[in-house]
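Please examine the model shown below alongside its sequence. The paragraphs that follow lead from the pairing of strands to the overall fold, and then to the surroundings of the ligand.

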Amino acid sequence: MTRPEPTDVEYEVKNIDLIVSKSDAEGNITYVNPIFVKISGYSQASLLEKPHAILRHPDMPKAVFRYLWENIKEGRDVVAYVKNLCADGGYYWVLATVKMAKNPDGTFRNYMSTRRAISASAKERISALYKSLLDVEKSEGDEASWEAFKSYLSENGISNSESFNTFMKNLNK
Ligand SMILES: Cc1cc2nc3c(=O)[nH]c(=O)nc-3n(C[C@H](O)[C@H](O)[C@H](O)COP(=O)(O)O)c2cc1C
């Protein structure tokens, strides 16, 4: 996958926008809504069957995606801030809610992410957190960054996925 060179151009996600995608168990895209296509800058055809990591921005710390996968694989919903990379190298911030959907017989059906606009204050706080996690990742490695992420969570009284999700939603006010 050739990655676009990141630029400082930020695309605005409007309050009414709901950016939706679905994936298989590995995170490969199986569905995107029209606003996802529009803001990403990719065609629908070039997104389908690609990993969601096509959107991965280099400013995102690995610890956030580790947290995401450790929880959604177990069927726990995750609410998390994500900076995404567009086809032209620009970016947009969202607050994503990622859920596992199951078939009536209880087997895995798909994952779905619904993404909304984020507030200026959430952007400021989360950018600073992610930058510090990324700095640790680069200087001391993935495990140290993961430990730093877990410390941030416990310092903020976050002890489980419910309190994580509530904390993230409250930050967006
Ligand atoms: C339903 C769903 C939606 C996802 N949406 C995004 C997204 O918008 N941006 C993103 O960078 N990763 C998203 N991911 C996480 C990616 O699968 C992947 O873990 C992440 O991009 C990190 O990529 P890497 O592990 O290859 O470094 C999503 C995963 C799932 C299951």
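Two strands are said to pair if DSSP finds at least two bridges between them. By this criterion, strand 3 and strand 4 of this predicted model form an antiparallel pair joined by eight bridges. One of the residue pairs involved is leucine 85 with tyrosine 91, the latter being the bridge partner in strand 4. Five residues lie between the strands in this hairpin, and glycine 89 adopts a positive phi near 95° there.

Strand 4 also pairs with strand 5, again in the antiparallel sense and over eight bridges. Here lysine 102 has phenylalanine 108 of strand 5 as its bridge partner. The hairpin of strand 4 and strand 5 has five residues between the strands, with glycine 106 at a positive phi near 90°.

A further antiparallel pair consists of strand 1 and strand 2 (residues 29-32), connected by three bridges. Serine 21 is matched with valine 32, its bridge partner in strand 2. This hairpin, too, has five residues between the strands, and glycine 27 shows a positive phi near 95°.

These strands may now be placed in the chain as a whole. The protein contains six helices and five strands, and from the N terminus the order of elements is β-β-α-α-α-β-β-β-α-α-α. Along the principal axes, the C-alpha atoms occupy a box of roughly 45 × 40 × 30 Å. For 173 residues, a compact globule would be expected to have a radius of gyration near 16 Å, and the protein agrees with this at 16 Å. Of the contacts with a separation of 6 or more, 53% are between residues 24 or more positions apart. Buried residues make up 24% of the 173 in the protein.

Helix 3 (residues 62-72) illustrates how burial is arranged within one element. Which of the residues of helix 3 are buried? They are Ala63, Val64 and Ile72. Viewed down the axis of helix 3, these buried residues fall within an arc of 155°, so they line one face of the helix. The elements that cover them include strand 3, strand 4 (91-102), strand 5, helix 4 (120-140) and helix 5 (142-155).

The loop between helix 2 (44-47) and helix 3 holds glutamate 49. Most residues other than glycine have a negative phi. Glutamate 49, although not a glycine, has a positive phi of about 75°. Is glutamate 49 buried or exposed? A residue counts as exposed if 12 or fewer other C-beta atoms lie within 10 Å of its own. Glutamate 49 has 10 other C-beta atoms within 10 Å and is therefore exposed.

The ligand brings several of these elements into view again. Of the 16 residues around the ligand, those that come nearest are Gly27, His52, Ala53, Tyr111 and Ser113. Strand 1 (19-23), strand 3 (78-85) and strand 5 (108-116) are the elements that each give two or more residues to this shell. Strand 5 provides the largest share, with three residues. In terms of residue type, the shell around the ligand comprises nine nonpolar residues, six polar residues and one charged residue. Gly27, one of the residues that come nearest to the ligand, is also the glycine with a positive phi in the hairpin of strand 1 and strand 2.

Conventions. Residues are numbered from 1 along each chain as its sequence is written. This is a predicted model: local features need pLDDT of at least 70, side-chain atom pairs count only at pLDDT 80 or more; totals for chains, interfaces and linings use all residues. A residue is near a molecule or strand if its C-beta atom, placed from the backbone, lies within 6 Å of it. Helices (H or I, at least four residues) and strands (E, at least two) are DSSP runs, numbered from the N terminus. Ala, Val, Leu, Ile, Met, Phe, Trp, Tyr, Cys and Pro count as nonpolar, Asp, Glu, Lys and Arg as charged, and the others, Gly among them, as polar. The radius of gyration is taken over C-alpha atoms; the globule rule is 2.2 Å times the number of residues to the power 0.38. A residue is buried if 20 or more other C-beta atoms lie within 10 Å of its own, exposed if 12 or fewer, and partly exposed in between; C-beta atoms are placed from the backbone. Two residues are in contact if their C-beta atoms, placed from the backbone, lie within 7 Å. The arc is that of the directions from the helix axis to the C-beta atoms.
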